[in-house]
Amino acid sequence: MAGPGITGTILVLNAGSSSIKFALFDDALNEQASGLAAGIGGQSFLEVDGARSELPLIDHRAALKAVLEALTQRGLKLTSLKAAAHRVVHGGLKLTKPVRINADVIAEINACSPLAPLHNPHNLAAIDTLAELAPKLTQYTSFDTSFHATNPDVATRYAIPKMMETKGIRRYGFHGLSYASLVEALPKISAAPLPSRLLAFHLGNGASLCAIRNGKSVATTMGYSPLDGLTMGTRSGGIDANAVLRLVEENGLERTKAILNHESGLLGLSGGKSDMRRLMLDHTADSDFAIEHFCYWSLRHAGSLIAAMEGIDAIAFTGGIGENALGVRARICRGLEWAGLRMDPDANHSGKAQLHAQSSRVAVWVIPAREERQIAQDAQNLMTKR
């Protein structure tokens, strides 16, 4: 990891509403430094390679400036950077591949902001701020929605009048950078070709499943927004539209948004715990129910996505819960035994990458999430083409 005199060529930025995650990569895509500026506008701090310092970060500009200063103090010469690369959540219908950022791209990202009002404006803020602080630095961006651009129309179209479809109300899917990274990493970890019919579980505070057929997304659980699909940390997951309308009638629009996005999911079911680690240590009836709800709906959606692929050859877990929650993995694998899956309990408990038993007809893998590296690779690929 990083030390005095660090070097790097690609700076990856992932800006959220109150934080900026960053990572620095060299030409071989080895991570040289990483960290987080968090609590922007409130109780803020900067963390670089595990070293935390309390800093007043009043806005994203101040946070990004602090990140650059911290990297400079560790020996990085900003002039040595070849590029900066950003995660943008929503690319809409037009931005379906990684791109070099220019005025037209910025305009299109801004046009997609109504589709991701909690994400795209903050992604744009990081792009604009970096352009001010380092105007000569070339910037690239990758989109969380783009991996799902291969979904067929029957998977993306809601059964609503076409005039609504043309306004962008359709299924997009998210966590695409995670799934793209998984598709690349799995053959290296398994030392075998990518399975033809792969069911990927990205399980974390935000959670989704993706059906991957011959390396391409054909179905996923998130839809128009990251709210749909599985039970999540604080998001409700799938809920009847009429139930949402009733919540709006009784609570108003803004309050309903807060309920569904920030007060539901595991948090709402358990009565106050959204972190899977805390839930698994709690052993109360509410916590146990919240975990079972999470696993049950993961399995319900798994069945749907297996049908979309017309079978299954392998599953892969990624994300914070997918990589670390042994009990959740075991419960989901047990629920898929009907498909011919047999887990090796010892492999699961010892944290191995391969979890399936020799008798299993379905392979099971754990793949570390590497979204920042995927973004850096996307930028590097574009620089190579240039």
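Helix α3 covers residues 120-133 of this predicted model. Its 14 residues should span 20 Å at 1.5 Å a residue, and its end C-alpha atoms are indeed 20 Å apart, so expectation and model agree. The buried residues of α3 are Asn 120, Asn 123, Leu 124, Ala 126, Ile 127, Thr 129 and Leu 130. Which elements help to cover these buried residues of α3? Among them are three strands, β1 (10-15), β6 (83-88) and β8 (139-143), together with the helices α1 (60-73) and α2 (103-111).

A second helix, α11, runs from residue 285 to residue 309 and contains 25 residues. From first to last C-alpha, α11 reaches 36 Å, close to the 36 Å expected at 1.5 Å a residue. Buried residues of α11 include Ala 290, Ile 291, Phe 294 and Cys 295, and also Ser 298, Leu 299, His 301 and Ala 302. Towards the end of the helix, Leu 305, Ile 306 and Met 309 are buried as well. The spacing of such residues may be read with a general rule in mind. An α-helix has 3.6 residues a turn, so residues three or four places apart point the same way. Just after α11, Glu 310 adopts a positive phi of about 60 degrees.

The report now turns to charged side chains. How many salt bridges does a search of the whole structure find? The search finds 14, and the table presents three of them.

| Salt bridge | Closest N to O distance |
|---|---|
| Arg 52 with Glu 47 | 3.4 Å |
| Arg 197 with Asp 313 | 3.1 Å |
| Lys 257 with Glu 254 | 3.5 Å |

In the pair formed by Arg 52 and Glu 47, Glu 47 has a relative accessible area of 24% and is therefore partly exposed.

Asp 313 and Arg 197 meet through their side chains in a salt bridge. This pair links distant parts of the chain, its members being 116 residues apart. Asp 313 belongs to the loop between α11 and β12 (314-318), whereas Arg 197 is in strand β9 (residues 197-203). Asp 313 counts as partly exposed because its relative accessibility is 27%. Arg 197 likewise counts as partly exposed, at 21%, since a residue is buried only under 20%.

Lys 257 and Glu 254, also joined by a salt bridge, both lie in helix α8 (residues 253-262). They are 3 residues apart, about one turn of the helix. Is Glu 254 exposed or buried? Glu 254 counts as exposed, because its relative accessibility is 55%. Lys 257, at 41%, counts as partly exposed.

Key
Residues numbered from 1 in each chain as written. Predicted model: local features only at pLDDT ≥ 70, side-chain atom pairs only at ≥ 80, totals over all residues. Heavy atoms only, no water. Helix = DSSP H or I, 4+ residues; strand = E, 2+ residues; numbered from the N terminus. Expected span 1.5 Å × (residues − 1). Buried < 20%, exposed > 50% of the residue type's maximum accessible area, 1.4 Å probe, protein only. Contact = heavy atoms within 4.5 Å. Salt bridge = Lys/Arg side-chain N within 4 Å of Asp/Glu carboxyl O.
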